[in-house]
Amino acid sequence: MTADERGHLEVRVRAVTRIAEITASRVDGVERVTGGLTSKTLPRVEATVRDGKVRATVEAATRWPTPIAEIAARVRTSVADDLRKSSGLEVDTVDVVMRYVAPEKVTSSGRRVE
């Protein structure tokens with residue numbers, strides 16, 4: 001059977017984006033953020049797929065004072081690995097933009113301060 005006879009698999013950008021968002025949200029230290037002033041939900045991913053290669057930008061958040069560089073590195077590695085495994089595509093780049101989320105204000109009694 002030749003390559004032309006076997007057919008092909010087309011992985012849509014939306015599938016790549018969804019895989020990356022789920023993966024990023026599962027990284028330890030990443031916080032899910034919904035709404036706010038910009039009405040964005042984080043983690044959020046923008047991706048392109050061209051010639052079997054993925055380029056993705058992941059925007060995610062973590063709580064202050066988490067070491068942001070460590071979280072970003074884990075997000076980058078996890079997303080790239082999962083995209084390779086799940087889609088079979090080559091991952092060209094995964095850029096990560098991290099945001100800090102203010103920690104919840106909690107009193108010594110454990111009550112949340114508004």
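Reader: Which residue in E3 does Ala61 stand opposite?

Author: The model shown above is a predicted one. In it, Ala61 stands opposite Arg99 in E3. Between the two strands the chain crosses from E2 through H3 to E3, a β-α-β crossover that is right-handed.

Reader: What makes the crossover right-handed?

Author: The term applies if, with the strands pointing away from the viewer, the path from the first strand over the helix to the second runs clockwise. The crossover from E2 through H3 to E3 is right-handed, which means that its path runs clockwise in that view.

Reader: How do you know that E2 and E3 pair, and in which sense do they do so?

Author: Strand E2, residues 53-63, and E3 share eleven bridges in the parallel sense. Pairing requires at least two bridges, so the two strands count as paired. Val54 gives a further position along them, standing opposite Val91 in E3.

Reader: In what order do the strands of the open sheet lie?

Author: The order is E1-E2-E3, three strands with mixed pairing. Strand E1 (44-50) and strand E3 (90-101) pair on one side only and are therefore called edge strands. From one strand to the next the twist averages 15 degrees.

Reader: Which strands does helix H2 touch?

Author: Helix H2, residues 13-25, packs on the sheet and touches E1 and E2; the direction of H2 makes about 140 degrees with that of E1. Helix H3, residues 68-87, lies across E2 and E3 and runs at about 145 degrees to E3.

Reader: Why is Glu21 called buried?

Author: The relative accessibility of Glu21 is 14%. Buried means under 20%, so Glu21 falls within that class. Glu21 has its place in helix H2. Leaving out residues up to four places away in sequence, Glu21 touches Arg14, Pro43, Arg44 and Val45.

Reader: What makes the contact of Arg18 with Glu21 a salt bridge?

Author: The closest N and O atoms of Arg18 and Glu21 are 3.4 Å apart. The limit is 4 Å between a side-chain nitrogen of Lys or Arg and a carboxyl oxygen of Asp or Glu, so the pair qualifies. Both residues lie in helix H2, three residues apart, about one turn of the helix. Arg18 has a relative accessible area of 40% and is therefore partly exposed.

Reader: How do you know that Arg55 and Asp92 form a salt bridge?

Author: Their side chains meet at 2.9 Å, N to O, and a value within 4 Å satisfies the rule. Arg55 lies in strand E2 and Asp92 in strand E3, so this pair ties together parts that are 37 residues apart in sequence. Asp92 has 34% relative accessibility and counts as partly exposed.

Reader: What separates Arg84 and Asp81 within helix H3?

Author: Being three residues apart, Arg84 and Asp81 are separated by about one helical turn. They form a salt bridge, with the closest N and O atoms 3.4 Å apart. Arg84, at 41% relative accessibility, counts as partly exposed, and Asp81, at 33%, also counts as partly exposed.

Reader: How many salt bridges are counted?

Author: The count comes to seven salt bridges. Arg44, Glu46, Glu59 and Arg99 are linked in a network of salt bridges.

Reader: Why is the pair of Trp64 and Tyr100 called edge-to-face?

Author: The planes of the two rings stand at 80 degrees to each other. Planes over 60 degrees apart count as edge-to-face, so the name applies. The centres are 4.8 Å apart, and rings pair if their centres lie within 6.5 Å. The count comes to one aromatic pair. Trp64 lies in the loop between E2 and H3 and Tyr100 in strand E3, 36 residues apart, and the pair thus links distant parts of the chain. Tyr100 is partly exposed at 37% relative accessibility.

Reader: Why is Gly29 called partly exposed?

Author: Gly29 has a relative accessible area of 23%. Buried means under 20% and exposed over 50%, so Gly29 belongs in between. The place of Gly29 is in the loop between H2 and E1. Neighbours within four places aside, Gly29 is in contact with Ala61, Thr62, Arg63 and Ile71. The C-alpha atoms of Gly29 and Val75 are separated by 9.6 Å, with their positions 46 residues apart along the chain.

Note on methods. Residues are numbered from 1 along each chain as its sequence is written. This is a predicted model: local features need pLDDT of at least 70, side-chain atom pairs count only at pLDDT 80 or more; totals for chains, interfaces and linings use all residues. Side-chain values use heavy atoms; hydrogens and water are left out. Helices (H or I, at least four residues) and strands (E, at least two) are DSSP runs, numbered from the N terminus. Axes are lines fitted to C-alpha atoms, for helices over the stretch in contact, and angles run from 0 to 180 degrees between N-to-C directions. Contact means heavy atoms within 4.5 Å. Buried means under 20% relative accessible area, exposed over 50%, partly exposed in between (1.4 Å probe, protein chains only). Rings of Phe, Tyr and Trp (its six-membered ring) pair if their centres lie within 6.5 Å; planes under 30 degrees apart count as stacked, over 60 as edge-to-face and the rest as tilted.
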